[in-house]
Every structure is written in C-alpha cells, then in structure tokens.
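Please open the model in your viewer and keep the selection panel at hand. The tour below moves from one selection to the next and says what is to be found at each stop.

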Amino acid sequence: MPGLAIIGLQWGDEGKGKISYLLSKDAEYVVRFQGGANAGHTVVLDDRELRFNMLPAGSASGAKPCIASGTVVDLNEVIEEIELLKSIGINTEPLISKNASIVLPIHKKLDDIIEEIRSREPIGTTRRGIGPAYSDKALRIGVKIEDLLDYESLQNKIRLIEDLHKLPVGDIKEYVKLAEKLYVNICDLEIRLNDELDKGKKIIFEGAQGTLLDIDQGTYPYVTSSNTTIGAVFTSCGVGPKKISEIIGVMKAYTTRVGAGVFPTELKGGEGEILREKGREYGTTTGRPRRVGWLDIPLLRYSIMVNSVDWIAFTKLDVLSGLKRIKICLEYDVDGETIKIASPNVRTLEKAKPIYTHLDGWPNLTREEWRKISVKGWDALPENAKIYIETIEELLGRPIKLISIGASSGMEVAK
Ligand code: IMP
C-alpha cells in the first residue's frame, strides 16, 4: 500500500523537510496533517534554501501539496509558499480540506497574551497563534476554511469568538479574498486521499514538530497544541491505519529543543555551542537559538514505540565530525531506578540522571569529501561514523536506512 508517514522522533527540527522531499520525488501527493505555520521545513536545492511553514516541504519535488482537516491554516503563508513553488518552476496550488481551521489575527494576539500571563514559566511558543486556534476549535467556535466562503456562518463565528475573548478578531477581509481565490482547491480531502490510495497512488504524510512536542505524548505543558504522532494522520486525514504501509521516524544525530521545558541530555556551553554553530541550530520560524544535547535513547525508544516506526531516517551526521568523543545516553537513573524507555513525563524527566556511553569521534571532513561519500555510499563513511550509526540501530531496534550528511538534496547515503 502506498501511504508513507514521516514523523519526527525528537522535539522537532529533525530534518523532516529534506527527508519528505526525497521520499516525495515519486509521490503523487504530499500532505500536511497537523500544526500550522509554527513548522519550518527546509529543502536545499542547488544551494538555494527553500523554507516552508504551511505547505509540505515535499511539494518542492512536484508532488501535489495538501492541507488536511487537523491543521490550523495561515492563509497568507499558503499564498507566499505557492509563489515560492512557482519560483522553482512548480505551478501548483494546494488541495485544502473544507474542515481545516483558520488562524485569525486574534489568535496571534492571544498567543502573546498567554505568554505574558505565564511570564515566569513561558512555553516559548512560536507566537503563530497555534494554541489559541486549536483551543477555539475545541470550543466549537473555530473558523473553518469553508466558513470563509459563507458570510452568515463567518459572522456568527466571529461574534462567538469576540464575545468569548473580549477582543476584536482583526481584519479578515483579506482572508475571505484569499479563500475565494483558492476556492477550486477547497475540497473533501478525505474522500480524495482515500480514492487515490485505493488506486495505488503514492501519498506522503509529512509530520510537523516532533513526538516529544505532542500534546498527549510529549513533555506537557512544554509542547505544541496538536498531536504530532502517527495517530494524527488518521484523525486529520480520515485515512485508516491500514492504508499506511510504512512509518518513517526522522531523528537527528544529536538532540535539540527550542523553547522551554525539560531536556535531560542538554549540553550547556562548550560542545553545545560548537554543535549549535556547526549545525546552524537556530529556529527556521523564529530564528531563536536551539538548545543542544546528546542523543537520548530512553526518549527515542518511547517515540519509536508510540509511532510504530518501521525504519529511521537519520540526519546531520556530518555535524558531529571533529568531536573527539561522542556521548549517547543509554538509560536514566531516576531515584535509584534504571529507566531504559522513558515516558516524557516532566516530573520524572526532571529527576532523570542520564547514564552515558562514550564513542570515539571521527575527523572533520571538507564539504567536497562529504560529497564524494554521498556518491560512493555507506562503505565510504568514516569507520567511527558507521559504528555510531550501528550502535544506535542496535539500541533502538530499528534499521537506519537513510543517512543525511549535508543540508543539500543529494548529500545523503542509503544503508
Ligand atoms: P507553538 O507550537 O507555537 O504553540 O509552540 C509550542 C512549543 O513547540 C514551543 O516550545 C515551540 O518552540 C515548539 N515548536 C513548535 N513548532 C516547532 C517546530 O516546528 N520545531 C521545533 N519546535 C517547535
């Protein structure tokens, strides 16, 4: 069956954009199924960096972009990214589910207000209005894309939202115009996707954020407002679990996190700074520096378990080059108990003492040397880099089939 899901296994920013682009090359459709413009997925083509916040990054390959019901849509971003695709010669418009929710100006304002109220314990949101848009949806007053095409329904929703929040929703005339412009693409996406899957068409479901930011399975309350794990594909797209044949977990060679929240393997100073600079670990959406740390096997085991991951795509291996030794957190000690698989419960993680193993690193390589490796394949990788990958495969019990060794498309090896 031709449905493939891509899921982040850490706190987002694992490099899902590049992996989605690679896997979408022979796909018919690529679908964003949760979140909104808080995501920042990057594809690098011929040294040109293309950033997607709202459309799936896989659409840079020419696969038809889709935006499913469970997303919160920023229409201005959609329009900008249609232009971005045009600039690389792809003339397409996304199919958008009638049921997708709309992020309104009031939601961004509410994001600011909530962070101010939390002042001592801010979440560090992207301020893209994600949480407020999802909470209005849960309150059954959220504006759906089809409401923008129905004056009466829209006015009714606006009244409810303004009455509740005691704030104006903001100017949304522009959104109505954009929805009218995209009118022909607004559809019953669920039926379309199921039909196409039944015909054998390949569809990529591109996850945003990562498992540890899932509102139910993540480090609550320091999470995003949607489900980022595999179940969201089914609930958001109306596609049953049996239609997904492969679940691909994407993980980075080390761990990063943007915003607040517990991070057991965090590196403060020294090596953390080196990795941040080398890996250009600054938020795609907000530009904030990302917190950096070693790989965390107990949390990765949890992510693999809750998503039923079949295989792993591994990114940014090249960034670890030049380190004398690389640490991997094998397990935690929590109040004297050994934890091998960790549920992302904040209170437990705050007490977790990581138990590390040390592996030897490998020397720095030039970009040209990495490029040659990408041509020659797995065998050409530095011996200690192969040991690092194989150790992780063994610890996680899943094959690592694709290894990214540079931001650009083409800089990867299959295993
Ligand atoms: P929100 O999704 O903007 O509400 O932010 C909630 C938390 O999720 C914050 O810690 C953000 O930094 C984080 N977050 C949201 N989207 C992403 C992402 O795409 N990558 C990494 N972190 C994210």
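What follows is a walk through a predicted model, taken stop by stop.

**The main sheet**

Begin by showing the strands as a cartoon, where 10 of them form an open sheet with mixed pairing, in the order S9-S7-S5-S2-S10-S1-S11-S15-S19-S20. At its edges are strand S9 (186-187) and strand S20 (412-414), each of which pairs on one side only.

Next, select strand S15 (residues 311-315), which pairs with strand S11 (residues 244-252) in the parallel sense over 5 bridges. Within this pairing, Ile248 has Trp311 as its bridge partner, and Gly249 stands opposite Ile312. S15 also pairs with S19, again in the parallel sense, over 3 bridges, and here Ala313 stands opposite Leu402.

Is S15 covered on one face or on both? In a regular strand, the side chains alternate between the two faces of the sheet. In S15, Trp311, Ala313 and Thr315 lie on one side and Ile312 and Phe314 on the other, and all of them are buried, so that both faces are covered.

**Two helices on the sheet**

Now add helix H1 (residues 16-24), which lies across strands S1, S2, S10, S11, S15, S19 and S20 and runs at about 170° to S1. Helix H7 (residues 189-198) packs on the sheet as well, touching S1, S2, S5, S7, S9 and S10, and its direction makes about 135° with that of S10.

**A serine in a loop**

From the helices, turn to Ser69, which is found in the loop between strand S5 (64-67) and strand S6 (72-73). Is Ser69 buried or exposed? Its relative accessibility is 10%, and because buried means under 20%, Ser69 counts as buried. Show the side chains of Ser69 and Glu190 together, and a polar contact of 2.5 Å can be drawn between them. Leaving aside residues up to four places away in sequence, Ser69 touches several others, including Ser97, Asn99, Lys137 and Ser236.

**The ligand**

Select the ligand and the 15 residues that surround it, of which the closest are Asp13, Asn38, Thr126, Thr224 and Arg288. Three distances are worth drawing here. A nitrogen atom of the ligand is 3.2 Å from an N or O atom in the side chain of Asp13, and a ligand nitrogen atom is likewise 3.3 Å from an N or O atom in the side chain of Gln209. An oxygen atom of the ligand, in turn, has a polar side-chain atom of Arg288 at 3.1 Å. On its own the ligand has 470 Å² of accessible area, and the protein covers 97% of this.

**A hairpin**

Move on to strand S3 (residues 41-45), where 4 of the 5 residues are buried. S3 runs antiparallel to strand S4 (residues 48-52), and 5 bridges join the two; in this pairing Thr42 stands opposite Arg51. The hairpin has 2 residues between its strands, and Asp46 takes a positive phi near 50° there.

**A last stop on the outside**

Finish at Val375, which belongs to helix H12 (residues 367-376). Is this residue buried or exposed? The relative accessibility of Val375 is 63%, and because exposed means over 50%, Val375 counts as exposed. To close the tour, draw the distance from the C-alpha atom of Val375 to that of Met411, which is 8.4 Å although the two residues are 36 residues apart along the chain.

Note on methods:
Residues are numbered from 1 along each chain as its sequence is written. This is a predicted model: local features need pLDDT of at least 70, side-chain atom pairs count only at pLDDT 80 or more; totals for chains, interfaces and linings use all residues. Side-chain values use heavy atoms; hydrogens and water are left out. Buried means under 20% relative accessible area, exposed over 50%, partly exposed in between (1.4 Å probe, protein chains only). A polar contact is a pair of N or O atoms within 3.5 Å; within protein, one must be able to donate a hydrogen and the other to accept it, and residues adjacent in sequence count only if both atoms are side-chain atoms. Contact means heavy atoms within 4.5 Å. Two strands pair if DSSP finds at least two bridges between them. Axes are lines fitted to C-alpha atoms, for helices over the stretch in contact, and angles run from 0 to 180 degrees between N-to-C directions. A residue is near a molecule or strand if one of its heavy atoms lies within 4 Å of it. Accessible areas come from the Shrake-Rupley method with a 1.4 Å probe; for residues, only the protein chains shown count as cover.
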